[in-house]
Amino acid sequence: MGCDGGTIPKRHELVKGPKKVEKVDKNAELAARWKYCALSQEKLKRPIVSCELGRLYNKDAIIEYLLDKTAERPNAEAVTHIRGIKDVKELNLTDNPEWEGERRNAKGDRYEDIHCGMFICPVVGLEMNGKHRFCYLQTCGCVFSDRAMKEVKTEICHKCGDPFKEDDLVVLNGTKEEVEKLREKMEEKRSKAKAKKSKKSKAAETVSTPSESKDDTHSPQVDVAGGSSLQNGGESSQSAVAGPSGSSSSSKGSKLSSSSSNKRSIQETEKSEAFKSIFTTHSSAKRTKEQTSNWVTHTPYHF
């Protein structure tokens with residue numbers, strides 16, 4: 001059976017059993033979620049932002065994604081719900097004094113604590129390394145541990161003093177159930193904002209339409225009044241030229257004069273003085289005898 005040379009095969013070499021399920025290292029998983037950007041997979045560095053689902057990103061990576069959404073990225077599914085820069089909040093984090101950065105174990109001659117976090121809770125002092133539950137406030141962006149929020153119950157931020165509500169709390173890197181609840185909350189919030197925006201647009205349209213209709217109703221009166229005065233001047237000149245021979249024109253003039261007498265003059269309306277001064281019936285358009293000239297131009301004024 002091929003066992004040349006005196007080799008003795010074992011059972012696992014001849015019989016293939018079921019493959020073992022590969023388990024993910026918990027330490028590596030926590031480091032990937034709390035120390036690396038969820039979009040670019042690079043190390044987190046300030047400024048750090050978070051979405052409404054509690055994921056951590058580098059702000060530079062989010063801006064690059066928003067500028068060019070067609071580019072291929074390793075984890076683009078994690079940011080499909082981000083529409084603009086307003087959908088993320090810059091976090092106000094507290095540095096960990098024990099964090100030394102990349103220089104902490106350059107020689108490799110001392111113990112390296114993998115669970116040491118870059119940031120801590122400003123109230124309790126817990127490290128933000130994934131072992132403890134952390135959340136941030138959507139109003140100011142300050143980050144606290146869940147233990148601090150439970151022990152010190154208040155409606156004012158512990159760090160900056162801004163007021164907040166329970167709905168403003170967002171869990172960072174929560175479980176699947178918590179992420180689903182945050183997603184439902186996000187969709188509900190966006191639907192309410194959309195409905196409110198549509199109501200405002202409808203109200204603006206209803207306000208604009210009556211004002212337009214009023215302007216339309218007033219403008220013909222002004223035109224008619226101005227036209228009536230011009231028509232009256234034109235009829236008087238035509239009657240002076242035509243004389244007794246224009247019987248038909250005189251009858252038309254009498255009809256127009258009777259119709260214009262029913263309409264009030266533009267000077268009797270409640271318009272402004274600047275608007276009334278446009279017409280020749282205004283007092284500023286009248287001239288005294290000293291101002292009148294001795295000759296007649298092509299546009300004479302008859303008062």
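## Salt bridges

Across the whole structure, a search turns up eight salt bridges, each being a side-chain nitrogen of Lys or Arg within 4 Å of a carboxyl oxygen of Asp or Glu. Keep in mind that this is a predicted model, where local features need pLDDT of at least 70, side-chain atom pairs count only at pLDDT 80 or more, and totals for chains, interfaces and linings use all residues. Residues are numbered from 1 along each chain as its sequence is written, and side-chain values use heavy atoms, with hydrogens and water left out.

Let's start with Asp87. Its side chain meets that of Arg83 in a salt bridge, with N to O at 3.3 Å. Asp87 is buried at a relative accessible area of 11%, while Arg83 is exposed at 53%; here buried means under 20% relative accessible area, exposed over 50%, and partly exposed in between, using a 1.4 Å probe and protein chains only. Asp87 also pairs with Arg190, this time at 3.5 Å from N to O. That pair links distant parts of the chain, 103 residues apart: Arg190 sits in helix α5 and Asp87 in the loop between α3 and β3. As for terms, helices (H or I, at least four residues) and strands (E, at least two) are DSSP runs, numbered from the N terminus. Arg190 itself is partly exposed, with a relative accessible area of 21%.

## A linked network

Arg133 and Asp146 make another salt bridge, and their closest N and O atoms are 3.1 Å apart. Arg133 is in the loop between β5 (119-120) and β6 (134-137), and Asp146 is in helix α4 (residues 146-151), so the pair ties together parts that are 13 residues apart in sequence. Arg133 is partly exposed at 38% relative accessible area, whereas Asp146 is buried at 15%. The two belong to a network of salt bridges that links Arg133, Asp146, Lys150 and Glu178.

## Surface patches

Glu177, Glu180, Glu184 and Glu187 form a negative surface patch. Patches are built from residues with over 30% relative accessible area and no salt bridge, joining like charges within 9 Å and nonpolar side chains (Val, Leu, Ile, Met, Phe, Trp, Tyr) within 5 Å. One of the patch members, Glu184, is found in helix α5 (residues 176-242) and counts as exposed at 55% relative accessibility.

There's a nonpolar patch on the surface too, made of Ile63, Leu67 and Ile85, with about 290 Å² of accessible area together. Ile85 lies in the loop between α3 (59-67) and β3 (89-90), and at 41% relative accessibility it counts as partly exposed.

## Cysteines

How many disulfides does the structure hold? Zero, with a disulfide taken as a pair of cysteine sulfur atoms within 2.5 Å. Cys140 is in no disulfide, and the nearest cysteine sulfur, that of Cys160, is 3.6 Å away. Cys140 counts as buried at 17% relative accessibility.

Why does Cys157 have no bond to Cys160? The sulfur of Cys160 is the closest cysteine sulfur to that of Cys157, but at 3.5 Å it is too far for a bond. Cys157 is buried as well, with a relative accessible area of 6%.

Methods
Accessible areas come from the Shrake-Rupley method with a 1.4 Å probe; for residues, only the protein chains shown count as cover. Lys and Arg count as positive and Asp and Glu as negative; His and the chain ends are not counted. The place of a charge is taken as NZ of Lys, CZ of Arg, CG of Asp or CD of Glu.
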